[in-house]
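Colleague: I'm new to reading models like this one. Could we go through it together, one question at a time?

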Amino acid sequence: MVSETRKESPSLMPQKDNLWYKDAVIYQLHVRTFCDSNADGIGDFAGLTQRLDYLQELGITAIWLLPFYPSPLRDDGYDIADYTSVHGSYGSLEDFKTFLAEAHRRGLRIIIEMVLNHTSDQHPWFKEARSSRDNPRRDWYVWSDTDTRYQGVPIVFVDTETSNWAWDPISKSYYWHRFFSHQPDLNFDNPAVFEAVWEVMKFWLNLGVDGFRLDAVAYLVEREGTLCENLPETHAIIRELRRRLDLAYPGAMLLAEANQWPADVRAYFGDGDEFHAAFHFPLMPRMFMAVKLEDRKPIIEILDQTPEIPDSCQWFIFLRNHDELTLEMVTDVERDYMYDEYAMDRTMRINRGIRRRLAPMMDNDRRRIELLNGLLMSMPGTPIVYYGDEIGMGDNIYLGDRNGVRTPMQWNSALNAGFSLADPERLYAPVISNAVYGYQAVNADSQNRSEHSLLRWMKSLLEVRNAFQVFSRGTIQFLNPSNHRVLAYMRQFGGETVLVVNNLSSSAQAVELDVQRYKGYIPIEMFGRNLFPRFGNVPYLLTLGPYQFYWFQLRRI
Amino acid sequence: MAEDVFLSDDLLRQLMSVGEVDLLVGMSSHNAANTVSHALDAIEESFQRNFVRQRVVIVHVGGGDKDEDGVVAKGHGNLAETGLRLPGITSLRTSHRVTANVPDPPSRGIALRTILAAADLLRARACAVVSPGVSNLTPDSIASLLRPVYREKFDFAAPLYARNKYQGLLARNLLYPMSRALFGCGIRELFSDEWGFSGRLASLCLNQDVWHEEAIQARPEAWMAVSAISSDFRCCQAFLGEKPQAAKGLGTDIVEVLRQTVGTLFWCLETQQSWWWDCGRSQPAPAFGPDHELTADPTDLDRHRIFEMFRSGVTELEPILSSILDPETHSEIKSIVSREEGKFRFKSDIWVRTLYDFAASYHHAVINRDHLVQALAPLYRGMTYSFLVEHSDSSPADMEAASELLCGEFELQKPYLMERWKAKIEVKS
């Protein structure tokens, strides 16, 4: 399923590749936000299918879909009421199948959400479980006569929840929920729950999906006297899922959403027998921090703490996503700094994070946006592009919860940004329409027509990245020059070596790189393909403009 | 303006890597690896506890640690990975250490010039100079010097200490009241091993062509303070706790101490005449930190010996004193020298006139200026003896009141100094 448009070195890319997720560039979107085909104001699968050419031309190779299942939508679809169907607003199961086929035809793989930890309280399973204490599904959820069990377990949604227990007036007992109170946790101590979940996954795998992002995987199991996170029993569940997956669906991928320190996430890779991939959450805020501090220290520190993972596994890295920019995996000092620098207006803050998009956080500074994307595409891991960030979309912090970063995709300057033909009042959310980020100024159509737009730049960035497997699979070695405003590293894979040099500062910088061990190599700048002076016996002097970065392919000729 | 290049290429390269900073702490040392290490840790800890978001650098001027070069060498470069790690504290930024290696023991002037150059080139907003040899150098004391400059926008922060009532007599009876009266700013510790200053004061001082002067080589901090005052920069004082005791044998040679302190003060009068000539009544220098009092711990100073040295010194230096002092002052001195020890008192007005005679004679260079300052030693001893006797039972409040009276006397007799300064005096060859 390799895209014909993808340039690759035949010697590096095998024909059948069960490690496709390591080389992927992921595009994250919610079907609701992307394109509305039936003028009801809500994006749907038919509309998304119409836009697959755009995604293919962008250069991404896989799409990660946020939840599209039937749901009361009290948590934007993460409260699932039916695991094996499609929410009516987004189309039908047939529409999904069509979308899947068209995506695959273009060489795009599809990753879907699978929320195992909890369901909506509207799910039939919960409705049955709560109907009486004797119901056969009673034990599918976690119940208690008191709210004192599992003391000290942190609350995730601190802005809205005051307890991890909620009182059920129907069955007159408490049920456990790590997230919203309308999202009761499933009880994985019950083998029937595991089997039911496996059946759900098989349903989608049989349709042809390429992988699952398992939401909130750290919280599957509870035990007294613990924080109810990352427990050995949870890993056992994952291992069994993985075993069955590899047996029946080789090549399908499991992606862990575990917002933990790298050392704790490491456990979710197991010995290559648990998750194929996991998000590197702590790296993300530190990229933002490094640019603001104009100091590479935060990035170096977190990657130094990042453990080795099995060869078949991969970190997934990102700049922004559908949630708040989480500041859980930072210190109090770092959190305060991030708030002061990126979220002075308290409306921008939610839970322990910042609910803004990339471009507004960068003050719409094209250079900084490019720098961060350059970091994303050159650091070790599979990069994820959040929909709209490729054109520099803005946000609407007044929409409540995290909806401000989930506004309609801006396709053109026509009605509703080309997202929908519905009356504007009917849109699921208003389009961004201010003078800076409004759809009249920021849209895919105008950027496609402008040779030097952000969108065109992103395409060239992805084109270069996709052409060299060193970015996706290579090692990383930091050079640590004395100028702390420059982040420089070598990426190596097979016979390929790439030098990446990033100026994190708003002012021009000079840097001397210790590359004497590469004496004789010729650095070739990878975007313009121009030759730079050969490495010699002395430190290599480079000068960089504000926020500028270089990717050099090193050739020995 | 000095045109010679004194920054080494190596130092310049290090500064290039650092870039602009908010805070700079400088120090100099020679063959003092252990104390340097302690000082570096204290500075690092101060940065991490008090200035976690600021861009910081430590500038160390030193060398000669032949056996322990490792300590100096390790201090060079970025501390992102190897710096002090405090539990519960995260430093957001890379912390830099810059080392200017010099082969010979650096004079205080050379060390300060290097530090000022670094501050200027790095556009540091607030700086401090500390001494590794100061026994009570703590993270809090370093922060106390930096905060008034960085946060309150002062240009000079002199230290303020909690003293024993018998400590700092030279400052109490001469340096403080005289500088306060003439320069108009009530900085108690004009001469110290640690002080804070702004980047703009650093630039001002760096660009003055004074670096060859002996006064700068010996005690440049007073000159910095006077430069700040005379440039109408904002000055303050920062409480640092107890004044560390000097080790025995160091700083106890009163002649040498007078050469360095009074000699520098007199030199400042020479170079800043246009300021102090028209300077009005003195203003207090704001103080940061807790209120404190003198302590009344007993002293082991030998009063009798001090008195004998006073009397014998005045007698031996009679010819020299006659060329320095005004005849009326000299007559008064000869009169009190002849008194019995128990009845001897060096009254304030005579003491002040004596000092002003010395200052004026320094201005006219009636004799070699170095010898002139040294000749003050026995008279200072006389003043010290008188002070010890007069205040043996004084309370801290009484002593502060007496200090204020002495300051008033200095201000009152300023016209006398001006008159002596302008007078035509025969210079003995």
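**One helix and the confidence around it**

Modeller: Happily! In H18 of chain B, the residues Leu406(B), Phe410(B) and Glu411(B) are buried. Bear in mind that this is a predicted model.

Colleague: Why do the buried residues lie on the same side of H18(B)?

Modeller: Look at Leu406(B), Phe410(B) and Glu411(B), the buried residues. Around the axis of H18(B) they cover an arc of only 145°, and therefore they sit on the same side. So the value that settles it is 145°.

Colleague: Which residues are exposed on the other side of H18(B)?

Modeller: Turn the helix away from its buried residues, Leu406(B), Phe410(B) and Glu411(B). On the other side you will find the exposed ones: Ala397(B), Ala401(B), Glu404(B) and Leu405(B).

Colleague: How far apart are the end C-alpha atoms of helix H18 of chain B?

Modeller: The helix has 17 residues, 396–412. At 1.5 Å a residue it should span 24 Å, and the model agrees because its end C-alpha atoms are apart by 24 Å.

Colleague: Which helices do the buried residues of H18(B) pack against?

Modeller: Follow the buried residues, Leu406(B), Phe410(B) and Glu411(B). Their packing partners in chain B are helix H6 (169–183), helix H15 (348–364) and helix H19 (414–422).

Colleague: Which element of chain B has the lowest mean pLDDT?

Modeller: Chain B averages a pLDDT of 87, with 89% of the residues scoring at least 70. Strand E5 (residues 126–129) has the highest mean, 98. At the other end, with a mean of 42, is helix H3 (residues 69–74) of chain B.

Methods: Residues numbered from 1 in each chain as written. Chains lettered and ligands numbered in written order. Predicted model: local features only at pLDDT ≥ 70, side-chain atom pairs only at ≥ 80, totals over all residues. Helix = DSSP H or I, 4+ residues; strand = E, 2+ residues; numbered from the N terminus. Expected span 1.5 Å × (residues − 1). Buried ≥ 20, exposed ≤ 12 C-beta atoms within 10 Å, placed from the backbone. Arc of directions from axis to C-beta. Contact = placed C-beta atoms within 7 Å. pLDDT = per-residue confidence, 0-100.
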